[in-house]
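Got the viewer open? Let's take a walk through this one, stop by stop.

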Amino acid sequence: MPSGEPLSSIGIKVHVRIRPTAKPSPMFHIEDQTNTVLIDLLKQNGGGAPESFVDQIAFSVNSITQSTDQSEVYESCGRALVKDFLEGYNATFIAYGQVGSGKTYTMAGDMKVNAHRGFIARAIHQIFEEKEADPGSGIVLYISYLEIYQEGMYDLLNQRSKDLMIIEESGYVYIRGLAKIPVETEAQALMCFSEGEKQRSYACHQINQVSSRSHTIFTLCMEKRVGRFKTEYDTVVAKLNLVDLAGFERLKKTNTSTGGRMRVEACSINKSLCLLEQAVYAIKQGQEYVPFRQSKISIILKEALSGNCRTELILCLWPEEYFLDETIKASRFAQRLKVLRTFSIHNKKIDCCVLNERRHAQEIANLQQELALKDALQGRPGLSFDDLTLENYSLYSRSLKYLCELNNYEGKSMQLEKVLSEHGLVEPIEEPQETESGVGELTNQGFHVGIAPPHARPHNPSASKPSPDEIHCSHLMLDYKEADPSNDVWETGSSFRNHVSCNITIRISFCLFI
Ligand code: ADP
Ligand code: MG
């Protein structure tokens, strides 16, 4: 699972799109300044003029548009959300409304006419525009297209995908078995979408000649690199769901009440939308149990309703008097949804190697700090670690471990020296020359690691002042100090307590890194 920043709660946005109609209802009003939809209610008894404060319902939303211009609607409602997705946030855009109100027109539009293209084609265009503008980000995109028809799930991009299954793992929901098609160009992505559209279930009825009879979820998954260097970067992942819900319908109005396939479809659509409403209501009420699992669309939208997702809904309204009930019903649903809050995480997937490198670098920095502190406490000059890299860190560690494990070190010291010199970590091999004291001889370039035999150990190291050479290589003195049980300063963290002794010259001290 991607790692992320602290959670920040975010409200669901609701936009209203009003489709053009020849006979708008006089009871339907819009207040542009406050982004409010007002609907007058007729009094049930007594008649007379409606009393505005009692008989008018007000629905406050985030934006209202009556435009038929697809581009204008996308710019005002969709572009910002797609930008969030490109930055690495999960996003969902849902079209909701009664049958024939313009949901499919908004999401899919007419692919043959450029000006009539819907949200999906425009989102694809925006994404590839960004990809081309920033080739270094290495954006990788995958597309899936799912249809829910009569509670069955169908892969619109791969007819052979069978047994699709909804999997819920640690709050994340995905469909097992659903094809994820990699796309490299805008043309490929549009082709995928058009091919999927051809597989959708449509029907013709009294209200809509080309009525989509299913819910569809068009998903774009993105991976991109974020970082200053080619070799050091984070991978940002995000998911954009573009959801075209089937519209609820009155069987009488669509003339499907007599029976047949269309009636079954309508009943299934109405039922699933009703169950979605129940889930939304339960979240809004703060209920402990939310019935997501009652319908496929509810569980698939779980993240969009209450999880890691930035969600926006476009409420399509058809403001004719004949559909006033449906308009009120749809507006009530949107109103409930508007008060829900989701959370938004910047989804970063950190590469294991990068993570390990960062951990090691941090560990080294911590140890250096610790060493500097100990040096300061001991009143010794600090060491320079400029030459230290991750590569030789590991080799040093292994070499010193090897040293410590040696029983017969004298026999093997030459062997070890050879290995180290091959890696350029020690001075070229020289014949070891026994000094008078035998061990612990200092040179200008470095020092000898090991402990002195009893006869070479100073009786009282603090008695005489160390020479500059000794100060420079003061870490060497560790050996002497460690050998003295009364000295507890270096009690922990040093493997030199094994008291190995050999004549190897190492450029810098590494004793405390073990
Ligand atoms: P549904 O909400 O059932 O998906 P559609 O999107 O299929 O409805 O819309 C039905 C018809 O209404 C479409 O063929 C489209 O031509 C027309 N239509 C809907 N909304 C608009 C709009 N905002 N501007 C122009 N035509 C629209
Ligand atoms: Mg539709």
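Start with the charged pairs: this predicted model has a count of 16 salt bridges. Select K239 and E303 to see one of them, with the closest N and O atoms 3.6 Å apart. This pair ties together distant parts of the chain, since K239 sits in strand 16 (residues 234-244) and E303 in helix 10 (residues 302-306), 64 residues apart. Switch on a surface and you'll find K239 partly exposed, at 21% relative accessible area, while E303 is buried at 7%.

Next, go to helix 8 (residues 261-284) and pick R261 and E265, which are four residues apart and so separated by about one helical turn. Their side chains meet in a salt bridge of 2.4 Å, N to O. E265 is buried, with just 1% relative accessible area. Now add R213 and E249 to your selection: together with R261 and E265 they are linked in a network of salt bridges.

Stay on helix 8 and select E277, then K329 in helix 11 (residues 324-338). They form a salt bridge too, with the closest N and O atoms 3.3 Å apart, and the two residues are 52 apart along the chain. E277 counts as buried at 15%, whereas K329 is partly exposed at 33%.

Here's a charged residue to puzzle over: K224, in strand 15 (residues 215-226). Which side chain of opposite charge is nearest to K224? That would be E130, 4.1 Å away; K224 is buried yet has no salt bridge, because a salt bridge needs the nitrogen and the oxygen within 4 Å. Look for the backbone oxygen of L86 as well, 2.9 Å from a polar atom of the K224 side chain. Show the surroundings of K224 and you'll see it touching, among others, S137, D234 and V236.

Time for the metal. Select the magnesium ion (ligand 2): its protein donors are T104 (OG1) and S212 (OG), lying 2.0 Å from it. They come from distant parts of the chain, with T104 in helix 4 (residues 103-107) and S212 in strand 14 (residues 211-212), 108 residues apart. T104 is buried at 18%, and S212 is buried at 8%.

Last stop: select G97 through to T104, the residues covered by a "binding site" annotation in an unreviewed UniProt entry. G97 lies in strand 7 (residues 91-97) and Q98 in the loop between strand 7 and helix 4. G97 is buried at 2%, and Q98 at 3%. Contacts of G97 include K103 and F248, while those of Q98 include W318, F323 and E326.

Key
Residues are numbered from 1 along each chain as its sequence is written. Chains are lettered from A and ligands numbered from 1 in the order in which they are written. This is a predicted model: local features need pLDDT of at least 70, side-chain atom pairs count only at pLDDT 80 or more; totals for chains, interfaces and linings use all residues. Side-chain values use heavy atoms; hydrogens and water are left out. Buried means under 20% relative accessible area, exposed over 50%, partly exposed in between (1.4 Å probe, protein chains only). Lys and Arg count as positive and Asp and Glu as negative; His and the chain ends are not counted. A polar contact is a pair of N or O atoms within 3.5 Å; within protein, one must be able to donate a hydrogen and the other to accept it, and residues adjacent in sequence count only if both atoms are side-chain atoms. Contact means heavy atoms within 4.5 Å. Donors are N, O and S atoms within 2.8 Å of the metal (3.2 Å for Na, K and Ca); water is not among the atoms, so sites may look incomplete. UniProt positions are given in the numbering used here, feature names are shortened, and annotations may be inferred rather than shown by experiment. Lists of a residue's contacts leave out its neighbours within four places in sequence.
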